[in-house]
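Visitor: Hi, I've got this one open on my screen and could use a tour. Mind if I just fire questions at you?
Guide: Go ahead.

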Amino acid sequence: MKGIFLLLFLSAGVVHAQKFSFVFLHKNPAAPVASKEDTEVMMKGHFANMERLGKEGKLLAAGPFDGGGGIFVFRQASDAEINQWTSPDPGIQAKRWNLEILTYSPDHGSICVVHEPFTMVEYSAIYFRSDIRKFNVQTATATVEQHRNFVSKLAATGNLVASGIFGDLDGALVVMKGETDASLWLADPAVKEPLFIPEIKKLYIAAGAFCEKK
C-alpha cells in the first residue's frame, strides 16, 4: 500500500498559501467487505482520481496511515468543492473511508508539491482532536496558544517535521520523525486541560511534502 500511494504532480515547490484544506480518510469499520478483485479495481480508481486531481493542481499531497486510511491535502477550498472533487473516487463511493475536512494553518513547515522520482518516508502523525466542553470553552483560545508554544519548543530537538492548527478550535496536527513516545504528549497543556485528545498514527508520505529537508 505505502509503495503505491503516490504523489503525482506536475511541478515541485512550496505552495504559497496561508491555509490548506486537510482531509482525513478515516477507515470505516462498517464498510462493506469487498473481494480481493473488487478491492484492486477500487484502489486503481482511487489512485487514478488522485492523479487527476494532482494534475489539475487541486490535490497537493497525500499519504496512507499504517493500518488503513490516510490524508489528502488540497489547496484551500470549500467542503462542497472537495466533496465534488473526491466523489468520483471508487473507494469513497464504496464508503471505505469516512471523510473529515478541516482547514489547516501551518505553524512549522508548509505543504510542498513533490514530483517523481520521490522517496516515501515514515513519520509519526499526531492528530489532536478538539474536545470543546462548557468547562474549557472560555479558555480554549489561550490553551491552543499554550499548545503552540509547547510544540515550538520541540522544534529545537530537530525531530519536528511540521505542525499546524485546524480551524480556530478544531484541533491540531504535529508530524514527527520516526517513532514518538505517547507520554510526551501528555505534557502538552492542551492535552492536560483537556482540550485536545491526541491520536498517534504512522504516516507514509513523499519526502519533502511538508517542505522539510530531504
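Visitor: Let's start with Lys95: is it buried or exposed?
Guide: Lys95 counts as exposed, because its relative accessibility is 55% and the cut-off for exposed is over 50%. Keep in mind that this is a predicted model.

Visitor: Where is Lys95 in the chain?
Guide: Lys95 sits in the loop between α3 (90-93) and β5. Its backbone is worth a look too: phi is positive, about 60 degrees, although Lys95 is not a glycine.

Visitor: Which other non-glycine residue has a positive phi?
Guide: Cys211 is one of them, with phi near 65 degrees. You'll find Cys211 in the segment after β10.

Visitor: And how accessible is Cys211?
Guide: Cys211 has a relative accessible area of 28%, so it counts as partly exposed.

Visitor: OK, now the sheet. What order do the strands come in?
Guide: The order is β3-β4-β2-β5-β8-β9-β7-β10, eight strands in an open sheet with antiparallel pairing. At the edges are β3 (59-64) and β10 (196-206), and each of these pairs on one side only. From one strand to the next, the twist averages 25 degrees.

Visitor: What packs on the sheet?
Guide: Helix α4, residues 140-154, does. α4 touches β5 (97-108), β7 (120-130), β8 (160-166), β9 (171-177) and β10, and its direction makes about 170 degrees with that of β8.

Visitor: Back to the β3 edge. How many bridges join β3 to β4?
Guide: Five, with the two strands running antiparallel; β4 covers residues 70-75. If you want a pair to click on, Ala62 has Phe72 in β4 as its bridge partner.

Visitor: What about β9: is it buried or exposed?
Guide: Six of the seven residues of β9 are buried, so the strand is largely enclosed by the rest of the structure. β9 is joined to β7 by seven bridges, antiparallel, and there Arg129 stands opposite Gly171. β9 also pairs with β8 over five bridges, again in the antiparallel sense.

Visitor: How many residues sit between β8 and β9 in that hairpin?
Guide: Four, and Gly167 in this hairpin takes a positive phi near 55 degrees.

Visitor: Which residue in β8 should I click on?
Guide: Try Ser163, which lies in β8 and stands opposite Val174 in β9.

Visitor: Why does Ser163 count as buried?
Guide: Because its relative accessibility is 2%, and buried means under 20%. Leaving out residues up to four places away in sequence, Ser163 touches Tyr104, Pro106, Asp107, His108, Val151, Leu173 and Val174.

Visitor: How many cavities of 30 Å³ or more does a search find?
Guide: One in the whole structure, with a volume of about 40 Å³. Ser163 is among the residues lining it, along with Asp107, His108, His147, Arg148, Val151, Ser152, Gly164 and Leu173.

Visitor: Which element gives the most to that lining?
Guide: α4, with four residues. β5, α4 and β8 each supply at least two. By class, the lining has two nonpolar, five polar and two charged residues.

Visitor: And the largest pocket, how much space lies in it?
Guide: About 340 Å³. The pocket is lined by 21 residues, with Lys27, Gly68, Gly69, Arg96 and Trp97 nearest its centre. Helix α1, residues 36-55, gives the most to this lining, with three residues. The lining residues split into 12 nonpolar, five polar and four charged.

Visitor: Changing topic: which peptide bonds are cis?
Guide: One is from Glu116 to Pro117, with omega near 0 degrees; Pro117 is in the loop between β6 (112-113) and β7. Another is from Glu193 to Pro194, with omega near -5 degrees, and Pro194 is in the loop between α6 (189-192) and β10.

Visitor: Last one, Glu122. What does it touch?
Guide: Not counting residues up to four places away in sequence, Glu122 touches Gly178, Glu179, Lys202, Leu203 and Tyr204. Glu122 lies in β7 and is partly exposed, with a relative accessible area of 31%. The C-alpha atoms of Glu122 and Lys202 are separated by 6.6 Å, though these residues are 80 apart along the chain.

How values were computed:
Residues numbered from 1 in each chain as written. Predicted model: local features only at pLDDT ≥ 70, side-chain atom pairs only at ≥ 80, totals over all residues. Heavy atoms only, no water. Pairing = 2+ DSSP bridges. Axes fitted to C-alpha atoms, helices over the stretch in contact; angles between N-to-C directions. Contact = heavy atoms within 4.5 Å. 1 Å grid on protein atoms, 1.4 Å probe; cavity = no way out; pocket = protein on both sides within 12 Å on 5 of 7 lines; lining within 4 Å. Points joined across faces, edges and corners; volume = space filled by probe spheres on them. Nonpolar A, V, L, I, M, F, W, Y, C, P; charged D, E, K, R; others polar. Buried < 20%, exposed > 50% of the residue type's maximum accessible area, 1.4 Å probe, protein only.
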